[in-house]
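Grab your viewer and let's work through a few short exercises. Try each task before you read its solution.

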Amino acid sequence: MVSISCHFGSDVSKIPFDMIERAISLLRSNNIKVEIMTTISRQNYRRVESICEEAYKLGASKLYLTNYIKEGAGQNNNSLELSPDEIKEFVDNLSFIRTKYPKDQLYIYRSGLFDSMYYLTKDTFRCYLPT
């Protein structure tokens, strides 16, 4: 399996979508499974249904969704980070959308960083698991 980043309408990546489509098509034509990794930001969190649909149409076996985190080059960009209310809306929508795709055709999963614990304790190391 090969993982490819594709952010579906978000400014997180500057890679042209047609280049991603060609890469996935080439992999799939050689019977190589593809996992699409997508960063969910304020620009695309309401498009989760169409993101899942596009991933399915592209032939992805898995779709991994993670939230935008202000790190590295994005450290000073507040405009893309989801609010707790936006995260709740996203997670609620995703729970419904997951029922539309059999797991053996498109396995949709998300990062644990959508958990409210991360947002309640911003100073907590992001891999922190409550005991």
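**Exercise 1.** With which residue does Lys88 form a salt bridge?

*Solution.* Keep in mind that this is a predicted model. Start at the side-chain nitrogen of Lys88 and look for a carboxyl oxygen within 4 Å. You land on Asp92, with the closest N and O atoms 2.7 Å apart. Next, place the pair: both residues sit in helix α3, 4 residues apart, or about one turn of the helix. Spacing like that works because an α-helix has 3.6 residues a turn, so residues three or four places apart point the same way. Finally, check exposure: Lys88 is exposed, while Asp92 is partly exposed at 42% relative accessibility.

**Exercise 2.** Work out which residues of α3 are buried, and where they sit around the helix axis.

*Solution.* Use the cut-off of under 20% relative accessible area for buried. That picks out Glu86, Ile87, Phe90, Val91, Leu94 and Ile97. Now look down the axis of α3: these buried residues fall within an arc of 130°, so they line one face of the helix. On the other side you'll find Pro84, Asp85, Lys88 and Phe96, which are exposed.

**Exercise 3.** Find which residue meets Glu89 in a salt bridge, and say which parts of the chain the pair links.

*Solution.* The partner is Arg46, at 3.0 Å from N to O. Arg46 lies in the loop between β2 (34-40) and α2 (48-58) and Glu89 in helix α3, so this pair, 43 residues apart, links distant parts of the chain. As for exposure, Arg46 is exposed at 61%, and Glu89 is partly exposed at 27%.

Methods
Residues numbered from 1 in each chain as written. Predicted model: local features only at pLDDT ≥ 70, side-chain atom pairs only at ≥ 80, totals over all residues. Heavy atoms only, no water. Buried < 20%, exposed > 50% of the residue type's maximum accessible area, 1.4 Å probe, protein only. Helix = DSSP H or I, 4+ residues; strand = E, 2+ residues; numbered from the N terminus. Arc of directions from axis to C-beta.
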